[in-house]
Amino acid sequence: MDFFNKIGKKVSQTYDATAEKTSKIAKEAKLKMKINENKSDIKQLYKEIGKKVYEKHVREENIDIRKELEEECTKIDVLSSEIETCLKSILELKERKQCPKCHSEIDLDAAYCPRCGEKQPDVENKVTEDIIEDLENSEVKPENQTEKEIVEQKLDN
Ligand SMILES: [Zn+2]
């Protein structure tokens, strides 16, 4: 603990200036962690689907996706859409968004896409806040880890 108190004192002057940036980095880290968790959950579901299909094949039975794989498929749909939301939130943190037509990364406040000219839908700022709140309430606390890393980086410089 003593060690970290010392580090805290040493970086406190420069820390304030970068606090906002740090919190954005921490939020982005959380979102990325959520994306990775969902991706590995999806992988696991693919395995379960594969196993079910193979067992049917062995028994030379037909498989009814609607009936027998519905649970897995629904879970994958939910996880995928959460990933989409996280990716969108990461762009918002960087004050960027993606054009729905050409998928270019453009300024958050752009009313029209500078690349393809597509009119941009109104920005929903609440998405990020909601998802961050969810993550704050979850068990995963990557923020501490990230801050520790930032402190360590500062000491290296
Ligand atoms: Zn565009």
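# Exercises on a predicted model

From the N terminus on, the protein's elements follow the order α-α-α-β-β-α-α. The model is predicted, and the exercises below work through parts of it.

## Exercise 1: Elements and confidence

State how many helices and strands the protein has, and where confidence is lowest and highest.

Solution.
- Step 1. The protein holds 5 helices and 2 strands.
- Step 2. Its mean pLDDT is 82, and 72% of its residues reach 70 or more.
- Step 3. Confidence is lowest in helix H5 (residues 142–156), with a mean of 61. Confidence is highest in H3, at 94.
- Step 4. Where pLDDT is low, the predicted coordinates should not be read in detail.

## Exercise 2: Burial and contacts in the whole protein

Find what share of the residues is buried, and what share of the contacts between residues at least 6 apart in sequence joins residues at least 24 apart.

Solution.
- Step 1. A residue is buried if 20 or more other C-beta atoms lie within 10 Å of its own.
- Step 2. Of the 157 residues in the protein, 8% are buried.
- Step 3. Take the contacts between residues at least 6 apart in sequence: 53% of them join residues at least 24 apart.

## Exercise 3: The span of helix H3

Check whether the distance between the end C-alpha atoms of helix H3 agrees with its expected span, then name its buried residues.

Solution.
- Step 1. Helix H3 covers residues 70–93, which is 24 residues.
- Step 2. The expected span is 1.5 Å times one less than the number of residues, so H3 should span 34 Å.
- Step 3. The end C-alpha atoms of H3 are 35 Å apart, which agrees.
- Step 4. The buried residues of H3 are Cys86, Ser89 and Glu92.
- Step 5. An α-helix has 3.6 residues a turn, so residues three or four places apart point the same way.

## Exercise 4: Two residues with positive phi

Describe the place, phi and exposure of Glu95 and of His103.

Solution.
- Step 1. Glu95 sits in the loop between H3 and strand E1 (96–98). Its phi is positive, about 55°, although Glu95 is not a glycine.
- Step 2. Glu95 has 10 other C-beta atoms within 10 Å, so it is exposed.
- Step 3. His103 belongs to the loop between E1 and strand E2 (105–107). Though not a glycine, His103 has a positive phi of about 65°.
- Step 4. His103 counts as exposed because it has 11 C-beta neighbours inside 10 Å.

## Exercise 5: Lys101 and its surroundings

Locate Lys101, classify its exposure and list its contacts beyond four places in sequence.

Solution.
- Step 1. Lys101 is in the loop between E1 and E2.
- Step 2. With 13 other C-beta atoms within 10 Å, Lys101 is partly exposed.
- Step 3. Neighbours within four places in sequence aside, Lys101 is in contact with Cys113, Cys116 and Glu118.
- Step 4. Between the C-alpha atoms of Lys101 and Lys119, 18 residues apart along the chain, the separation is 9.3 Å.

## Exercise 6: Two pairs of residues

Give the C-alpha separation of Ala29 and Ile90, and of Ile65 and Ile49.

Solution.
- Step 1. Ala29 is part of helix H1 (residues 2–58). It counts as partly exposed, with 17 C-beta neighbours inside 10 Å.
- Step 2. Ala29 and Ile90 are 61 residues apart along the chain, and 9.1 Å separates their C-alpha atoms.
- Step 3. Ile65 lies in helix H2 (residues 65–68). Having 12 other C-beta atoms within 10 Å, Ile65 is exposed.
- Step 4. Ile65 and Ile49 are 16 residues apart along the chain, with their C-alpha atoms separated by 9.5 Å.

Terms used
Residues are numbered from 1 along each chain as its sequence is written. This is a predicted model: local features need pLDDT of at least 70, side-chain atom pairs count only at pLDDT 80 or more; totals for chains, interfaces and linings use all residues. Two residues are in contact if their C-beta atoms, placed from the backbone, lie within 7 Å. pLDDT is the predictor's confidence in each residue, from 0 to 100.
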